[in-house]
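Me: Please take a close look at the internal space of this structure, and describe what surrounds it.

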Amino acid sequence: MSASAVHSLWTMAADPVDKIGAPKIEYGQLSPTLIVIGAAVVGVLIEAFVPRKSRYYIQLFVSVVALAAAFAAVVGLAARGFGTTKAQIAAMGAIAVDGPALFLQGTILLAGLVAVFTFAERRLDPVAHGNRVDSFVAQAGSVPGSEGEQAATKAGFTTTEVFPLALFAIGGMLVFPAANDLLTLFIALEVFSLPLYLLCALARRKRLMSQEAAVKYFLLGAFASAFTLFGIALLYGYAGSVSYATIANVVEGKVTTVDPALADTMGNDALLLIGVAMVVMGLLFKVGAVPFHMWTPDVYQGAPTPVTGFMAAATKVAAFGALLRLLYVVLPGLRWDWRPVMWGIAIITMLGGAIVAITQTDIKRLLAYSSIAHAGFILAGVIATTPDGVSSVLFYLAAYSFVTIGAFAVVTLVRDAGGEATHLSKWAGLGRRSPLVAAVFAVFLLAFAGIPLTSGFTGKFAVFKAAAEGGAGALVVVGVLSSAIAAFFYIRVIVLMFFSEPKADGPTVAVPSPLTMTAIGVGVAVTLVLGVAPQYFLDLAGQAGVFVR
């Protein structure tokens, strides 16, 4: 065949009619995510090119500035009406810019900013070899207890990679609740999961336990991701599209044109039900709902405490945001199918988390089971299937995330010779030894228990009210019972701190730097403000509670 013939074939094949158009990206509306991911990339370059001595300060500066700028961008978008009147689908249909997305992104960014302060804390451990040390291992790649690790510790190395890892995780979390098609959802899931698997393995003390936690989280997370991906494939077979709007239209029978290649499978209910079950399973794993909660206590206990606080707060916000969007935007036509299942999951999650928490002797495991119970309370709001349901869940997530980070920040302060003293027996008499720290922790525990004048009470009241109005009264009764069971073990810890004799060899309370003080201070402030004067924030969540379709 001659060259000219080949050329003419080639020009025929590349017919201008089928040109792939350039994607139209609304950079302004995606700016919060782009700022965070951009800063994460800069963080990787800092690790490569900046001398080791200066990295910590530069990484901290870049992270804080990026998260603050991204939050300012979210506020700017909301002020310009993208949360209400101008809500729209951006990035060629991949990302929704609407009230719930902006509210959750703002919450994730603020929680991430407070968490980064706890990551940067370097005054809690005694100075080692003339260097201040943080909660993270000196050299992540060295075998625990090896000569390499000892040499790295002696040289005063610090793992500053935790800052770009946290930024990548936050970047993925920003996309997750705003994703408007299933592929974007899956990519966001992986983008925020992978850095978290790494962060869990980086504890300075109890290295083996930390690595075990990371492996458990990674293996179970990989299973959950596989379920999610398989569910996405089945939903694509059902609807012929991964776009939320198209799937919703097929579910509701509004589709007129059918691609002949998909005519056989399109509208097959078996594909729909199994696909939905698998995708929701993946999201419930991230939320930590029973029976997909088995990773939670081990990972929370083994991971470095600043990472546990970050993960417990921000991951829940992102995962519940994605779950809400999936159930309210894609599957309102399937409500009668998914509500009974969610009822069951919410009930066993509330009761399971509260009952098992009573038996715990480690403060981090206790908070882990408490977070499982809270996932059940939030699911009660999801089940309401009303606009009030959405706004009550948004409010609860915002209130819960700051209490959680604050509580885990307090846990980092109580220390003995082996690092953090997390066994409950060590906390006996803490109120007499360090009244302020014990009082602050008591405030957080009362908020978790949902005692009036704390953010926990307002959040629970909003969620239960929405559930009752949405016809889930029985669920509210179970929720109140679970709250009563949960209040028992929270108050037990308060009694232990204030009404027990301190032991002679008990732990000391480290004096933190202003970074951890800020994290704890923000937690206390949010807890009290949302408890005493929540109306402005309830209104804000109410305005933000409408999804764009």
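Reply: A cavity is a set of points, on a 1 Å grid over the protein atoms alone, where a 1.4 Å probe fits but cannot get out; a pocket is an open set with protein on both sides within 12 Å along at least five of seven lines, and lining residues have an atom within 4 Å of a point. Grid points are joined across faces, edges and corners, and volume is the space filled by probe spheres set on them. The model is predicted: local features need pLDDT of at least 70 and side-chain atom pairs 80 or more, while totals for chains, interfaces and linings use all residues. Residues are numbered from 1 along each chain as its sequence is written, and side-chain values use heavy atoms, without hydrogens and water.

There are 3 cavities of 30 Å³ or more, and the largest holds about 60 Å³. Its lining includes His 374, Tyr 396, Tyr 400, Phe 448 and Lys 460. Helices (DSSP runs of H or I, at least four residues, numbered from the N terminus) that give two or more residues to this lining are H15, H17 (435-449) and H18 (455-469). The lining residues are 6 nonpolar (Ala, Val, Leu, Ile, Met, Phe, Trp, Tyr, Cys, Pro), 1 charged (Asp, Glu, Lys, Arg) and 4 polar (the others, Gly among them).

The largest pocket has a volume of about 650 Å³. Of its 27 lining residues, Phe 71, Phe 103, Thr 107, Phe 537 and Leu 540 lie nearest the centre. Two or more residues each come from H3 (52-79), H4 (99-119), H15 (387-411), H20 (514-532) and H21 (535-543). H4 gives the most, 7 residues. This lining has 21 nonpolar, 6 polar and no charged residues.
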